[in-house]
Amino acid sequence: MEVKIPLLKPTKDNFKEFGEVVEKLEGPAATSSEYHDYWHDLADLSSMGDEPTLGYLKVYRKDRPLELDRMERHANTAEVFIPISGTGIFFLCPPMEKPDINKVKAFLVDRSCALSLHPGTWHWLPFSLTEEMDFILVLRKTTVEKDIEIVSLDNVYKINLVRG
């Protein structure tokens, strides 16, 4: 028996009985800089417990120098970065009291995998190698307000990438 089923592009309206569409937003971002825009709390994931939410991060290449002068962490919150477009470099330092530049590793990030960071993992805004790079983020709803620590490193480190 054959049945015809319409093929639809998901929109907030036609998808609402199934869940929520998470997409690039045109409205004002929750945080912004010359190199990024971030929209927070885009979907209700409360059925998963412990207040998870989705965010959308857009990173811009522009003329951003490949340097590290600060890092951030979320001591009590895991954070998942799901790349959906572009390619970039993500600098990470294992959980410790303060980030140690000698423990930082650089990871090439593209759409081939998502990265789930342990609570306390030091990181900074990914560096886009393409004009733009987009991520869906999964994190706790209260992370931005209650669980963010940003520290300055003891220098501005110009990064020279070498084969690992």
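Asp134 and Lys58 are both buried in this predicted model. These two residues form a salt bridge whose closest N and O atoms are 2.8 Å apart. The pair links distant parts of the chain, with Asp134 in strand E11 (residues 132-140) and Lys58 in strand E3 (residues 52-60), 76 residues apart. The points below cover the salt bridges, strand E3, the loop residue Leu66 and the helix residue Thr143.

**Salt bridges**

- A search of the whole structure finds 6 salt bridges, among them the pair of Asp134 and Lys58.
- In general terms, side chains of opposite charge can pair when their charged atoms come close.
- Glu67 and Lys158 form a salt bridge through their side chains, at 2.8 Å from N to O. Because Glu67 belongs to strand E4 (residues 67-73) and Lys158 to strand E12 (residues 149-158), this pair ties together parts that are 91 residues apart in sequence.
- Glu67 is partly exposed, its relative accessible area being 23%, whereas Lys158 is exposed, with a value of 67%.
- A salt bridge also joins Glu149 to Arg73, where the closest N and O atoms are 2.8 Å apart. Glu149 lies in strand E12 and Arg73 in strand E4, so parts that are 76 residues apart in sequence are tied together by this pair.
- Glu149 counts as partly exposed at 32% relative accessibility, while Arg73 is buried, with a relative accessible area of 15%. The value for Arg73 falls in the buried class because that class means under 20% relative accessible area.
- Lys58, Glu132 and Asp134 are joined into one network by salt bridges that share partners.

**Strand E3 and its pairing**

- Strand E3 is largely enclosed by the rest of the structure, because 9 of its 9 residues are buried.
- Both faces of E3 are covered. On one side the buried residues are Pro52, Leu54, Tyr56, Lys58 and Tyr60; on the other side they are Thr53, Gly55, Leu57 and Val59.
- E3 pairs in the antiparallel sense with strand E2 (residues 36-39) over 4 bridges. In this pairing, Asp37 stands opposite Lys58 of E3.
- E3 and E11 also run antiparallel and are joined by 9 bridges. Leu54 has Val138 in E11 as its bridge partner.
- Lys58 therefore appears in two descriptions of E3, since the residue is one of the buried positions on a face of the strand and E3 as a whole is largely enclosed.

**Leu66 in the loop between E3 and E4**

- Leu66 is found in the loop that lies between E3 and E4. At 28% relative accessibility, Leu66 counts as partly exposed.
- The C-alpha atoms of Leu66 and Ile159 are separated by 5.6 Å, although the two residues are 93 residues apart along the chain.
- With neighbours within four places in sequence left aside, Leu66 is in contact with Phe91, Phe127, Tyr157, Lys158, Ile159 and Leu161. One of these contacts, Lys158, is also the salt-bridge partner of Glu67.

**Thr143 in helix H2**

- Thr143 lies in helix H2, which spans residues 143-146. Thr143 is buried, with a relative accessible area of 2%.
- A polar atom of the Thr143 side chain lies 2.8 Å from the backbone oxygen of Arg140.
- Leaving aside neighbours within four places in sequence, the residues in contact with Thr143 are His74, Thr77 and Ile148.

Definitions and conventions: Residues are numbered from 1 along each chain as its sequence is written. This is a predicted model: local features need pLDDT of at least 70, side-chain atom pairs count only at pLDDT 80 or more; totals for chains, interfaces and linings use all residues. Side-chain values use heavy atoms; hydrogens and water are left out. Buried means under 20% relative accessible area, exposed over 50%, partly exposed in between (1.4 Å probe, protein chains only). A polar contact is a pair of N or O atoms within 3.5 Å; within protein, one must be able to donate a hydrogen and the other to accept it, and residues adjacent in sequence count only if both atoms are side-chain atoms. Contact means heavy atoms within 4.5 Å. A salt bridge is a side-chain nitrogen of Lys or Arg within 4 Å of a carboxyl oxygen of Asp or Glu. Two strands pair if DSSP finds at least two bridges between them.
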